[in-house]
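Biologist: I'm new to reading structures, and I'd like a close look at how the side chains hook up in one part of this one. Please pick a starting residue and follow the contacts outward from there.

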Amino acid sequence: LTSIISYTELLSKVEDLPEEASDYIAIIASKSDKLKRLTQDLFDISKVQSGNESINFERLDAALLIEQSLAEYEKEINSSGLDFVVNLEKDVYISADGKKMSRAIGNLIGNILKYSMSGTRVFILLRANEGKARMEFKNIASYYMDFDPEEIVGRFVRGDESRSSEGSGLGLAIAKSYVEACKGSFELNIDGDLFKITIGFDRA
């Protein structure tokens, strides 16, 4: 894979190539990049699910964690046609691995951007009570959800099977695995077109 990517980069720098050849090179580059991401995702989830991933626990500001992930997707959110309603309680701390949780939350936001119905509201909430912190991610799906919640967090499973160009089917599985590796809970609920994920942690 590394060789394919390297030779594709070299080819893309060759001058005076026919337009058709340049188009083929662009396709190879795109497909190679997708395969690279898929390989890395598979490696990451295999590592954490086998128990070989090191978890570095630290005291994290849960609201800041979500805000940082939202900031990384700011451009995509602004052009998505979705109305993001974000309500985060302040001074809520959890004990978890910051990098793993950033990846998990980023995957959830990415999932929302890919599969939400345009023009609908997305709710991202953070609440705390009785020693618990709870994050909620709610969106309206753009497709009919006729799958089991347990099935959709499995490997290589996508809710909208008609999509062939985006996603690896590992995003939710990685998010769930990382949250649980950090000793949090991950719950998925479906109610009609409403897709809701709740992440729970003990307050730190």
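Modeller: Let's start at Glu 180, which is partly exposed, with a relative accessible area of 38%. Before we go on, keep in mind that this is a predicted model. Glu 180 makes a salt bridge with Lys 176, and their closest N and O atoms are 2.8 Å apart. Both residues belong to helix α7, which covers residues 171-181. They're 4 residues apart, about one turn of the helix.

Now for a ring and a charge. Lys 100 lies over the face of Tyr 178, 5.8 Å from the ring centre.

Next, look at how whole helices sit together. α7 packs with α5 at an angle of about 150°, and the two axes are 8 Å apart. Angles over 145 degrees count as roughly antiparallel, and therefore that's the label for α5 and α7. The crossing of α5 past α7 is left-handed.

Let's follow α5 to its other contacts. Arg 103 forms a salt bridge with Asp 44, with 2.9 Å between the closest N and O atoms. Arg 103 is in helix α5 (residues 98-115) and Asp 44 is in helix α2 (residues 19-49), so this pair ties together parts that are 59 residues apart in sequence. The two partners aren't equally covered: Arg 103 is partly exposed at 24% relative accessibility, while Asp 44 is buried at 9%.

α5 also takes part in a ring-to-ring contact. The structure holds 1 aromatic pair, and its members are Tyr 115 and Tyr 143. They meet edge-to-face, with 6.0 Å from centre to centre and 80° between the planes. Tyr 115 lies in α5, whereas Tyr 143 lies in the loop between β5 (132-140) and α6 (149-152), so the pair ties together parts 28 residues apart in sequence. Both Tyr 115 and Tyr 143 are buried.

From that loop, let's turn to another group of charges. Lys 138 forms a salt bridge with Glu 136, and here the closest N and O atoms are 3.7 Å apart. You might expect charged residues to be out in the open, so check the numbers: Lys 138 has a relative accessible area of 18% and is buried, and Glu 136 is buried too, at 9%. The cut-off that matters for Lys 138 is that buried means under 20%. Lys 138 has another contact as well: its charged end sits over the ring of Phe 123, 5.7 Å from the centre. Glu 136 and Lys 138 also belong to a network of salt bridges that links them with Arg 134 and Lys 196. Across the whole structure, a search finds 12 salt bridges.

One last stop is the backbone. Most residues other than glycine have a negative phi. Glu 130 has a positive phi near 50°. Glu 130 is in the loop between β4 (121-129) and β5, and it's exposed, with a relative accessible area of 79%. Asp 16 also has a positive phi, of about 60°, without being a glycine. Asp 16 is in the loop between α1 (2-12) and α2, and at 78% relative accessibility it counts as exposed.

Methods
Residues numbered from 1 in each chain as written. Predicted model: local features only at pLDDT ≥ 70, side-chain atom pairs only at ≥ 80, totals over all residues. Heavy atoms only, no water. Salt bridge = Lys/Arg side-chain N within 4 Å of Asp/Glu carboxyl O. Helix = DSSP H or I, 4+ residues; strand = E, 2+ residues; numbered from the N terminus. Buried < 20%, exposed > 50% of the residue type's maximum accessible area, 1.4 Å probe, protein only. Phe/Tyr/Trp six-rings, centres within 6.5 Å; stacked < 30°, edge-to-face > 60°. Lys NZ or Arg CZ within 6 Å of the ring centre and 35° of its normal. Axes fitted to C-alpha atoms, helices over the stretch in contact; angles between N-to-C directions. Parallel < 35°, antiparallel > 145°, perpendicular 65-115°, else oblique. Left-handed = near helix turned anticlockwise from the far one by under 90°.
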